[in-house]
Amino acid sequence: MSIDQPRENHAPAGFAALFNNPVTDPVHSQYGIFLLRVAVGTDWIVHALLKTYRGMHTHEALLAKNGITPLLAWPTFSLELIGGCAILLGWYTRQWSAILLVFLAVVVWVKWPVGWLYSNAGGGWEYPLFWLVAQSALVLAGSGAFALRSTPTHSK
């Protein structure tokens, strides 16, 4: 048997498909990317609105505590809200995801001294790193299904 020949599998067809598909499913993967896009975009929107709910003075104080000028409070809020909406709607998903990766990298950097676990006092970098990696997947994969502006696919 050659490595390029399929193996016989005696598992039920649906179950076997979960484990014997070495390539990306061109039909269904776009919907998985869409779900990721909705989760990431919604998280950015809620995170931005939380800043105004708590009061921008709280966000300004957090920035200052971490050595970042409080003058960036409103610009960061604006970029998070606009970027979150753009990602959610699939409008320049790759570009907005890449821009907002900078924010997540800063959060990981700020949380680094606290330690890995997000349950640590002050919250560790476990959860922000997860979102950084998830959002990196959008930078690589694009918008997925139901996007306002999808990335054109190029044939080989």
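Here are some questions and answers on how the helices of this predicted model pack together.

Q: How many helices and how many strands are there in the chain?
A: Let's start with the overall layout. From the N terminus on, the elements run α-α-α-α-α-α. The count for the chain is therefore 6 helices and 0 strands, with helices taken as DSSP runs of at least four residues.

Q: What share of the residues of the chain count as buried?
A: A residue is buried when its relative accessible area is under 20%. The chain has 156 residues, and the share of them that count as buried is 28%.

Q: Among contacts between residues at least 6 apart in sequence, what share join residues at least 24 apart?
A: Contact here means heavy atoms within 4.5 Å. With pairs at least 6 apart in sequence as the base, the share that join residues at least 24 apart is 61%.

Q: Which helix gives the most to the largest nonpolar core?
A: The largest nonpolar core has 16 residues, and those with the most contacts inside it are Val40, Trp44, Ile87 and Leu104. Helix 2 (29–54), helix 4 (73–89), helix 5 (93–111) and helix 6 (126–141) each supply at least two residues of this core. With 6 residues, the one that gives the most is helix 5.

Q: Apart from this core, how many residues does another core have?
A: Another core lies apart from the largest one, and among its residues are Ala48, Met56, Ala73 and Phe77. Its residue count is 5.

Q: Which residues does Trp44 contact, leaving aside its neighbours within four places in sequence?
A: Trp44 is one of the residues with the most contacts inside the largest nonpolar core. Leaving aside neighbours within four places in sequence, its partners are Glu80, Gly84, Ile87, Leu100, Phe103, Leu104 and Gln135.

Q: Is Gln135 buried or exposed?
A: Gln135 has its place in helix 6. Not counting residues up to four places away in sequence, Gln135 touches Val40, Trp44, Trp96, Ser97, Leu100, Leu101 and Leu104. Its relative accessible area is 1%, and the cut-off is under 20%, so Gln135 is buried.

Q: How is helix 2 oriented relative to helix 4?
A: The two helices pack at an angle of about 155 degrees, with their axes 7 Å apart. Angles over 145 degrees count as roughly antiparallel, so helix 2 relative to helix 4 is roughly antiparallel.

Q: How does the contact of helix 2 with helix 4 divide by class?
A: The crossing of these two helices is left-handed. On the helix 2 side, the residues that meet helix 4 include Val40, Trp44 and Ala48, while those of helix 4 include Phe77, Glu80 and Ile87. By class, the contact has 12 nonpolar, 6 polar and 3 charged residues.

Q: How are helix 2 and helix 3 oriented to each other?
A: Helix 3 spans residues 56–65, and helix 2 packs with it at an angle of about 110 degrees, their axes 5 Å apart. Lys51, Thr52 and Arg54 in helix 2 meet Met56, His57, Thr58 and His59 in helix 3. Their residues divide into 1 nonpolar, 4 polar and 2 charged. Since angles of 65 to 115 degrees count this way, the two helices are therefore roughly perpendicular.

Q: How do the residues of the contact of helix 4 with helix 5 divide?
A: The axes of helix 4 and helix 5 come within 9 Å and cross at roughly 145 degrees. Among the residues making the contact are Leu79, Gly83 and Ala86 of helix 4, and Thr93, Trp96 and Phe103 of helix 5. The division is 7 nonpolar, 5 polar and 1 charged.

Q: Which residues does Thr93 touch, not counting those up to four places away in sequence?
A: Thr93 is found in helix 5. At 1% relative accessibility, Thr93 counts as buried. The residues it touches are Arg37, Ala86, Ile87, Leu138, Gly142 and Ser143.

Q: How far apart in space are Tyr31 and Ala145, C-alpha to C-alpha?
A: Tyr31 is in helix 2 and is partly exposed, with a relative accessible area of 37%. Leaving aside neighbours within four places in sequence, Tyr31 is in contact with Ala145 and Phe146. Tyr31 and Ala145 are 114 residues apart in sequence, and their distance in space is 5.5 Å.

Key: Residues numbered from 1 in each chain as written. Predicted model: local features only at pLDDT ≥ 70, side-chain atom pairs only at ≥ 80, totals over all residues. Heavy atoms only, no water. Core = buried A, V, L, I, M, F, W, Y, C linked by side-chain atoms within 4.5 Å. Buried < 20%, exposed > 50% of the residue type's maximum accessible area, 1.4 Å probe, protein only. Axes fitted to C-alpha atoms, helices over the stretch in contact; angles between N-to-C directions. Parallel < 35°, antiparallel > 145°, perpendicular 65-115°, else oblique. Left-handed = near helix turned anticlockwise from the far one by under 90°. Nonpolar A, V, L, I, M, F, W, Y, C, P; charged D, E, K, R; others polar.
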